[in-house]
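Welcome! Take a moment to look over the sequence and the model below, and then let us walk through them together.

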Amino acid sequence: MISSVPFMLPPNSVPIREACPPGACTCHREELLNNPASDARILLLTKQEEKKLIARIESISSYAELKRIEERLESQLGIILEIIPSARGVRTVRGFGIQLVSGPGLCRKTRQSIPAAVRRCLDSHPDIVYAILNAHDLLGAG
(Lines give C-alpha, C1' and ligand atoms only; values in the text may rest on other atoms or scores of the structure.)
Protein backbone atom coordinates (compact mmCIF):
# COMPACT_ATOMS: atom_id res chain seq x y z
CA MET A 1 0.00 0.00 0.00
CA ILE A 2 1.43 3.37 -0.98
CA SER A 3 1.65 5.85 1.84
CA SER A 4 -0.71 8.78 1.48
CA VAL A 5 1.57 10.95 3.59
CA PRO A 6 4.03 12.87 1.40
CA PHE A 7 7.69 12.47 2.14
CA MET A 8 9.80 15.51 1.50
CA LEU A 9 13.56 15.21 1.26
CA PRO A 10 15.52 17.27 3.77
CA PRO A 11 17.53 19.91 1.89
CA ASN A 12 21.14 18.84 1.20
CA SER A 13 21.28 16.38 4.10
CA VAL A 14 21.25 13.07 2.21
CA PRO A 15 22.44 12.13 -1.25
CA ILE A 16 19.71 11.53 -3.81
CA ARG A 17 19.74 9.76 -7.15
CA GLU A 18 21.35 11.70 -9.97
CA ALA A 19 19.25 12.68 -12.93
CA CYS A 20 19.19 10.29 -15.87
CA PRO A 21 20.56 11.55 -19.18
CA PRO A 22 17.94 13.53 -21.12
CA GLY A 23 15.70 11.26 -23.17
CA ALA A 24 17.05 8.07 -21.56
CA CYS A 25 14.39 7.72 -18.89
CA THR A 26 10.82 8.68 -18.10
CA CYS A 27 11.15 8.79 -14.32
CA HIS A 28 9.93 12.41 -14.00
CA ARG A 29 12.54 13.08 -11.32
CA GLU A 30 12.35 16.88 -11.64
CA GLU A 31 8.57 16.92 -11.32
CA LEU A 32 8.91 14.83 -8.17
CA LEU A 33 11.46 17.22 -6.70
CA ASN A 34 9.39 20.28 -7.57
CA ASN A 35 6.17 18.99 -6.01
CA PRO A 36 6.28 19.36 -2.21
CA ALA A 37 3.26 17.04 -1.81
CA SER A 38 4.96 14.09 -3.55
CA ASP A 39 6.58 11.04 -1.98
CA ALA A 40 10.26 11.46 -2.86
CA ARG A 41 11.65 8.48 -0.90
CA ILE A 42 12.47 6.70 -4.15
CA LEU A 43 15.18 9.28 -4.83
CA LEU A 44 17.07 8.01 -1.78
CA LEU A 45 17.98 4.96 -3.89
CA THR A 46 21.22 6.23 -5.40
CA LYS A 47 23.04 4.18 -8.01
CA GLN A 48 25.50 2.99 -5.33
CA GLU A 49 22.65 1.99 -3.00
CA GLU A 50 20.89 0.25 -5.90
CA LYS A 51 23.98 -1.91 -6.47
CA LYS A 52 23.95 -2.89 -2.79
CA LEU A 53 20.23 -3.66 -2.99
CA ILE A 54 20.71 -5.85 -6.08
CA ALA A 55 23.48 -7.79 -4.32
CA ARG A 56 21.26 -8.19 -1.25
CA ILE A 57 18.32 -9.45 -3.31
CA GLU A 58 20.54 -11.95 -5.13
CA SER A 59 21.76 -13.31 -1.78
CA ILE A 60 18.27 -13.98 -0.39
CA SER A 61 18.00 -17.58 0.74
CA SER A 62 14.46 -17.92 2.10
CA TYR A 63 10.90 -16.85 1.40
CA ALA A 64 10.77 -15.02 4.74
CA GLU A 65 13.82 -12.98 3.72
CA LEU A 66 12.20 -12.13 0.39
CA LYS A 67 9.06 -10.92 2.19
CA ARG A 68 11.21 -8.76 4.55
CA ILE A 69 12.94 -7.16 1.56
CA GLU A 70 9.54 -6.48 -0.05
CA GLU A 71 8.32 -4.81 3.16
CA ARG A 72 11.49 -2.74 3.53
CA LEU A 73 11.34 -1.59 -0.09
CA GLU A 74 7.84 -0.32 0.50
CA SER A 75 8.44 1.25 3.91
CA GLN A 76 11.79 2.89 3.15
CA LEU A 77 11.52 3.75 -0.54
CA GLY A 78 7.84 3.53 -1.40
CA ILE A 79 8.56 0.80 -3.98
CA ILE A 80 6.03 -2.02 -4.31
CA LEU A 81 7.49 -5.28 -5.61
CA GLU A 82 4.96 -7.68 -7.11
CA ILE A 83 5.77 -11.36 -7.69
CA ILE A 84 2.76 -13.06 -9.23
CA PRO A 85 2.66 -16.59 -10.67
CA SER A 86 1.06 -16.96 -14.07
CA ALA A 87 -2.53 -18.20 -13.99
CA ARG A 88 -1.59 -20.66 -16.74
CA GLY A 89 0.99 -22.35 -14.53
CA VAL A 90 4.64 -21.98 -13.70
CA ARG A 91 7.16 -24.31 -15.29
CA THR A 92 10.18 -22.06 -14.85
CA VAL A 93 10.97 -18.80 -13.10
CA ARG A 94 9.91 -17.07 -16.32
CA GLY A 95 6.34 -18.02 -15.38
CA PHE A 96 6.35 -15.38 -12.67
CA GLY A 97 5.33 -11.80 -13.29
CA ILE A 98 7.95 -9.83 -11.37
CA GLN A 99 7.62 -6.07 -11.53
CA LEU A 100 7.83 -2.86 -9.58
CA VAL A 101 4.68 -0.78 -9.42
CA SER A 102 5.55 2.30 -11.43
CA GLY A 103 5.55 5.68 -9.83
CA PRO A 104 7.24 9.02 -10.32
CA GLY A 105 10.96 8.92 -9.65
CA LEU A 106 11.35 5.21 -10.41
CA CYS A 107 14.10 4.97 -12.98
CA ARG A 108 13.65 2.75 -16.03
CA LYS A 109 16.86 0.87 -15.23
CA THR A 110 15.73 0.25 -11.65
CA ARG A 111 12.40 -1.11 -12.96
CA GLN A 112 14.46 -3.66 -14.90
CA SER A 113 17.34 -4.44 -12.54
CA ILE A 114 15.39 -5.28 -9.36
CA PRO A 115 13.05 -7.81 -11.04
CA ALA A 116 16.07 -9.33 -12.83
CA ALA A 117 17.83 -9.76 -9.46
CA VAL A 118 14.70 -11.42 -8.03
CA ARG A 119 14.65 -13.83 -11.00
CA ARG A 120 18.31 -14.73 -10.43
CA CYS A 121 17.52 -15.34 -6.76
CA LEU A 122 14.56 -17.57 -7.64
CA ASP A 123 16.66 -19.46 -10.21
CA SER A 124 19.11 -20.45 -7.50
CA HIS A 125 16.53 -21.16 -4.75
CA PRO A 126 13.68 -23.41 -5.93
CA ASP A 127 12.38 -23.62 -2.34
CA ILE A 128 11.48 -19.91 -2.54
CA VAL A 129 9.63 -20.59 -5.81
CA TYR A 130 7.58 -23.32 -4.13
CA ALA A 131 6.85 -21.03 -1.17
CA ILE A 132 5.56 -18.31 -3.51
CA LEU A 133 3.39 -20.82 -5.34
CA ASN A 134 2.10 -22.13 -2.02
CA ALA A 135 1.36 -18.58 -0.80
CA HIS A 136 -0.78 -18.08 -3.91
CA ASP A 137 -2.44 -21.46 -3.28
CA LEU A 138 -1.23 -22.86 -6.60
CA LEU A 139 -0.04 -26.08 -5.00
CA GLY A 140 -3.44 -26.64 -3.38
CA ALA A 141 -2.03 -26.62 0.15
CA GLY A 142 -4.58 -24.38 1.68
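## A buried glutamate

Let us begin with a single residue: Glu-65 has a relative accessible area of 13%, and because the cut-off for buried is under 20%, Glu-65 counts as buried. Please keep in mind that this is a predicted model.

Where does Glu-65 sit? Its place is in helix 3. Leaving aside residues up to four places away in sequence, Glu-65 is in contact with Arg-56, Ser-59 and Ile-60.

## The chain as a whole

Stepping back, you can find five helices and two strands in the chain. Following the sequence from start to end, the elements come in the order α-α-α-β-β-α-α.

How much of the chain is buried? Of its 142 residues, 36% are buried. The accessible surface of the chain is about 8700 Å², and carbon and sulfur atoms contribute 55% of that surface. Among contacts with a separation of 6 or more, 61% join residues that are 24 or more positions apart.

## Helix 2 and its buried face

Helix 2 covers residues 47-58. Its twelve residues, at 1.5 Å a residue, should span 16 Å, and the C-alpha atoms at its ends are 17 Å apart, which agrees.

Which residues of helix 2 are buried? They are Glu-50, Leu-53, Ile-54 and Ile-57. Looking down the axis of helix 2, you would see these buried residues fall within an arc of 100 degrees, so they line one face of the helix. What they pack against is helix 3 (63-77) and helix 4 (108-124).

## Helix 5, from inside to outside

Now follow the chain to helix 5, residues 126-135. Here Ile-128, Val-129, Ile-132 and Leu-133 are the buried residues. They also line one face of their helix, because they fall within an arc of 140 degrees when seen down the axis of helix 5.

What covers this buried side? The cover includes helix 3, helix 4, strand 1 (81-85) and strand 2 (96-100). On the face of helix 5 turned away from the buried side, look for Tyr-130 and Ala-135, which are exposed. Just after helix 5 comes Asp-137, with a positive phi of about 60 degrees.

## Bringing it together

Helix 3 is a good place to return to: Glu-65 lies in it, the buried residues of helix 2 pack against it, and it is part of the cover over the buried residues of helix 5.

Note on methods:
Residues numbered from 1 in each chain as written. Predicted model: local features only at pLDDT ≥ 70, side-chain atom pairs only at ≥ 80, totals over all residues. Heavy atoms only, no water. Helix = DSSP H or I, 4+ residues; strand = E, 2+ residues; numbered from the N terminus. Buried < 20%, exposed > 50% of the residue type's maximum accessible area, 1.4 Å probe, protein only. Contact = heavy atoms within 4.5 Å. Areas by Shrake-Rupley, 256 points an atom, 1.4 Å probe, with all protein chains shown as cover. Expected span 1.5 Å × (residues − 1). Arc of directions from axis to C-beta.
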